[in-house]
Amino acid sequence: IREQMAQLQRLEALGQLTAGIAHNFSNLIQIIQSGIRLANALAGGNDQLKRILADMAAATQQRAGLTEHLLAFSQHHPAEPELVDVASQIREVADLVSRSLRGNIRVQLNLDDDLWPIRVDTTQFELALLNVALNARDAMPDGGQLAISARNVTLNDGSDGISGRAVSIHLRDSGVGIPRGVLGRVLEPFFTTKPRGEGTGLGLSQAYGFAEQAGGTLRIQSTPGQGTEVTFLLPAVSEHDATDAASPVAVSGLAG
Ligand code: ADP
């Protein structure tokens, strides 16, 4: 599991990195191109200058094509949202994690009946839960408890930018906790306090990215020496959408 996850995380990071660089590069090229157009207009009858500018225009045009390729590559794995049964997804992850635990960590599940369905990319959802659960494991070298719970909530305040029906998923560990000064940095890509080779610093960035992309949010609370609680708040699919969603699946099944 650890190996597969590390691999997925590296791919994810590579994708993000590529997208970032390509985007930046693409902006730069646009600036250069408009500079060239402006210089051309000001060049008047200076043919030598115009030839130089034409060469520059051709070279940048070629590079613009390259950034488009890079962007296309980095977006090769777009999220594929589908209706997800939160409870069974959590049970699956809890099972995976339990098998990678030493005997001294207890996993406790507390899932409400009839959790509302959510619409997310299943692979990313599973990876996000795994990332958080494995952090919990790493935070409890001397054993402890990982409590995973999920319940339906209705949000009114919209302070997180989400309101209405949502599912909140909590992963609480009794581990070492996160020092105040560190808490502000844990979402940064590549930030890790783990020994070289053990941490990628991408677990929580992925979890956060997943939650945001799903239209929800991620919260982290921690008390050093006592433990950490990570909360996913994910918008629930309304009953209307849930029934709508059933038909395309059937249609694509027939067509496919
Ligand atoms: P990684 O696990 O590879 O270090 P993450 O982004 O998942 O990357 O986590 C970043 C850092 O946040 C960790 O190195 C650790 O210091 C801290 N952290 C995350 N989860 C926990 C937790 N449950 N308990 C204590 N520290 C944590």
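This tour moves through a predicted model, from the sheet to the helices and then to the ligand.

**The sheet**

Begin by selecting strands E2, E4, E5, E7 and E6, which in that order make up an open sheet of five strands with mixed pairing. Look next at the edges, where strand E2 (105–111) and strand E6 (217–223) stand. Each of these has a single partner strand, so one side of each is left without a neighbour in the sheet. Viewed from one strand to the next, the sheet twists by an average of 15 degrees. As background, strands of a sheet pair through backbone hydrogen bonds, either parallel or antiparallel.

**One edge: E2 and E4**

Select E2 together with strand E4 (residues 144–155); these two run parallel and are joined by seven bridges. To find a pair of facing residues, show asparagine 110, which stands opposite serine 149 in E4.

**The other edge: E6 and E7**

Now turn to E6 and E7, where seven bridges link strands that run antiparallel. Isoleucine 220 has valine 230 in E7 as its bridge partner. Follow the chain through the hairpin of E6 and E7, which has three residues between the strands. There, glycine 225 adopts a positive phi near 85 degrees.

**Helices on the sheet**

Add helix H3 (residues 86–99), which lies across E2, E4 and strand E5 (164–173). The direction of H3 is at about 175 degrees to that of E2. Then add H6, which packs on the sheet and touches E6 and strand E7 (227–235). The angle between the directions of H6 and E6 is about 140 degrees.

**H3 against H4**

Keep H3 in view and select H4: the two helices pack at an angle of about 40 degrees, with axes 10 Å apart. That angle makes H3 oblique to H4, and the crossing is right-handed. For the side chains, show Gln89, Ile90, Val93, Leu96 and Val97 in H3, which meet residues of H4 including Phe125, Leu129, Ala133 and Arg137. By class, this contact of H3 with H4 comprises nine nonpolar, one polar and two charged residues.

**H4 against H6**

Hide H3 and display H6 with H4. Their axes come within 9 Å and cross at roughly 140 degrees; H4 and H6 are therefore oblique to each other. This crossing of H4 and H6 is left-handed. On the H6 side, select Gly203, Leu204, Gln206, Ala207 and Phe210; among the H4 residues that they meet are Gln124, Ala128, Asn131 and Asn135. The contact of H4 with H6 holds eight nonpolar, five polar and no charged residues.

**The ligand**

Finally, select the ligand and the 22 residues around it. Which residues come nearest? They are Asn135, Ala139, Thr192, Gly199 and Gly203. Two of the helices already visited reappear here, as helix H4 (122–138) and helix H6 (203–213) each supply at least two residues of the shell. Asn135 in H4 and Gly203 in H6 also belong to the contact between those helices. Colouring the shell around the ligand by class shows eight nonpolar, twelve polar and two charged residues.

Notes:
Residues numbered from 1 in each chain as written. Predicted model: local features only at pLDDT ≥ 70, side-chain atom pairs only at ≥ 80, totals over all residues. Near = placed C-beta within 6 Å. Helix = DSSP H or I, 4+ residues; strand = E, 2+ residues; numbered from the N terminus. Nonpolar A, V, L, I, M, F, W, Y, C, P; charged D, E, K, R; others polar. Pairing = 2+ DSSP bridges. Axes fitted to C-alpha atoms, helices over the stretch in contact; angles between N-to-C directions. Contact = placed C-beta atoms within 7 Å. Parallel < 35°, antiparallel > 145°, perpendicular 65-115°, else oblique. Left-handed = near helix turned anticlockwise from the far one by under 90°.
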